[in-house]
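Me: Please take a close look at the buried interior of this protein. I would like one connected account of how the packing is put together.

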Amino acid sequence: MKKRKVYKNKGYTHFDARKPEYWKYINNIKNPEWIERHAFYPFIHYQEERNKFNGEKIIPKSPRDIRYSSHIDRYIYEYYNDILSKKYNKYAKQLGINQAAIAYRTNLNKSNINFSSDVFKFLNKQENAFIIVSDFTNFFDSLNHQYLKERLKEILKVDTLPSDYYKVFRSITKYSYIEYNDILNELGLKHKELTKLHKERLFDIEQFRKFKKGKVHVNKELYGMVQGSAISSVMSNIYMIKFDKLVNDLVTSNNGIYRRYSDDIIIIIPNIAKVKELYNKLMSIKDKIPNLVMSPEKTSCFIKRKDSITSIDIVKNKILKENTIINYLGFSYDGKFVKIREKTVAKYYRKMYARIKTINKWTVKTGRNIGRKKLYKQYSYLGKKTKNVKKGNFLTYADRAQKEYGELGKINDQVKNSWNKMSKRLIKI
């Protein structure tokens, strides 16, 4: 007997019940007529502050817009996401792009370690190669609604979207949202207290009707899609179908590989004789898809010769830097070996040292060696396989990567002294 899928309850407080009766609603969600009548709640919107570490200091990045849906709406998005993912996977195989579009896939069963390994192992075998690494500017915020709708019909093999699909489509393109701060002000809460609120729902039905007046914002543009909803990922893959097909055909016809992870792409062509010509063809493909803008500051071109990587300005036809590295999905390749990106390793040590600083403070204050057990589980080899750390720790990740890369990886060298560095900094009484 086929096991019935259950979508997990997230437990956060929203405009609907915090723990809706799943089995009651799943039957409604499978009913297209109920979906047509369903009134989607507004998303809750806030901006997440972000920082990056450049190896020397922490630099503020542009904040990321976060919009999260009510629980019932999330069930709906997850249900339709499952259907569309299966249809997309089947169609991707038919088009020959099954291995090209690798993000948010439910049938590839690979992690970023495996995806990056496929790319760098292929590149390492090439005597000479031309490489492009890039992403798209404001990808989700720029998606053209009409174009997405046409690709959705293509996946579903219909001339007109069924009413239930159209209702779901409208809810994430012409989405409505209410500002997080407006809710805080109404409830008299401080920042971040909303996520810790354990009320059954933010407002009862009558309170919500009064509260939302004048506070609901709607995306009235002909572009833009909610990022982070349970259906956004498959929709982004659907949007990119033609781009993936055209680029993949061009690249594979030149014996290369093309991979796209959401809005991050990498192209490797073992042919440096026609670099400018191939680059121009790739750019012309991009121009055929509405609102795709490659970020100039994040588009990098490289030439690999034997065991060295050189970055180039292909437009100005000049060398930018010799003996450099290529970064992809959290890993770096220098033409000889692969490592975890230095900033990722630096972040691991920075967080470890911050925890040690706090532990030392309380060790001196109390006169006891406290806080060691949790520190070891999170940052040392003692926590790599413990049952109390669900997915291990950073060293677990490093071990997996080293095993995947084998002789090509120099990942163990990056963390082999982690225990000594930890021990030297710990004050012991």
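Reply: What follows goes through the interior of this predicted model, beginning with one covered helix.

Start with helix 10, residues 232–239. This helix is mostly covered, with eight of its eight residues buried. They are Ser232, Ser233, Val234, Met235, Ser236, Asn237, Ile238 and Tyr239. Several elements supply the packing partners. The buried residues of helix 10 pack against helix 3, helix 5 (139–142), helix 6 (145–156) and helix 7 (163–173). They also pack against helix 11 (241–252) and strand 6 (257–261).

Take helix 5 from that list. Ser142 lies in this helix. Its relative accessible area is 17%, and the cut-off for buried is under 20%, so Ser142 counts as buried. Leaving out residues up to four places away in sequence, Ser142 touches Thr137, Tyr223, Gly224 and Asn291.

Ile238 of helix 10 leads on to the nonpolar core. The largest such core has 69 residues. Within this core, Leu84, Ile238 and Phe243 touch the most other members. Helix 3, residues 71–95, gives the largest share, 11 residues. Apart from this core lies another, of 42 residues. Among its members are Leu108, Ile309, Tyr328 and Val415.

Now go back to Phe243. Neighbours within four places in sequence are set aside here. Phe243 is then in contact with Phe136, Tyr258, Ile285, Lys286, Ile289, Leu292 and Met294.

Next come the rings. The whole structure holds 32 aromatic pairs. One of them joins Tyr348 and Phe394. Their ring centres are 4.7 Å apart and their planes meet at 20°, so this pair is stacked. Tyr348 sits in helix 13 (residues 342–366), and Phe394 sits in helix 15 (residues 394–405). The pair therefore ties together parts that are 46 residues apart in sequence. Both Tyr348 and Phe394 are buried. Both also belong to one aromatic cluster, together with Phe331, Tyr349, Tyr353, Tyr379, Tyr397 and Tyr405.

End at the surface, for contrast. Val364, Ile427 and Ile429 form a nonpolar patch there. Together they have about 270 Å² of accessible area. Ile427 is placed in the segment after helix 17 (418–425). With a relative accessible area of 36%, Ile427 is partly exposed.

Conventions
Residues are numbered from 1 along each chain as its sequence is written. This is a predicted model: local features need pLDDT of at least 70, side-chain atom pairs count only at pLDDT 80 or more; totals for chains, interfaces and linings use all residues. Side-chain values use heavy atoms; hydrogens and water are left out. Patches are made of residues with over 30% relative accessible area and no salt bridge: like charges are joined within 9 Å, nonpolar side chains (Val, Leu, Ile, Met, Phe, Trp, Tyr) within 5 Å. Accessible areas come from the Shrake-Rupley method with a 1.4 Å probe; for residues, only the protein chains shown count as cover. A salt bridge is a side-chain nitrogen of Lys or Arg within 4 Å of a carboxyl oxygen of Asp or Glu. Helices (H or I, at least four residues) and strands (E, at least two) are DSSP runs, numbered from the N terminus. Buried means under 20% relative accessible area, exposed over 50%, partly exposed in between (1.4 Å probe, protein chains only). A nonpolar core is a set of buried Ala, Val, Leu, Ile, Met, Phe, Trp, Tyr and Cys residues joined through side-chain atoms within 4.5 Å. Contact means heavy atoms within 4.5 Å. Rings of Phe, Tyr and Trp (its six-membered ring) pair if their centres lie within 6.5 Å; planes under 30 degrees apart count as stacked, over 60 as edge-to-face and the rest as tilted.
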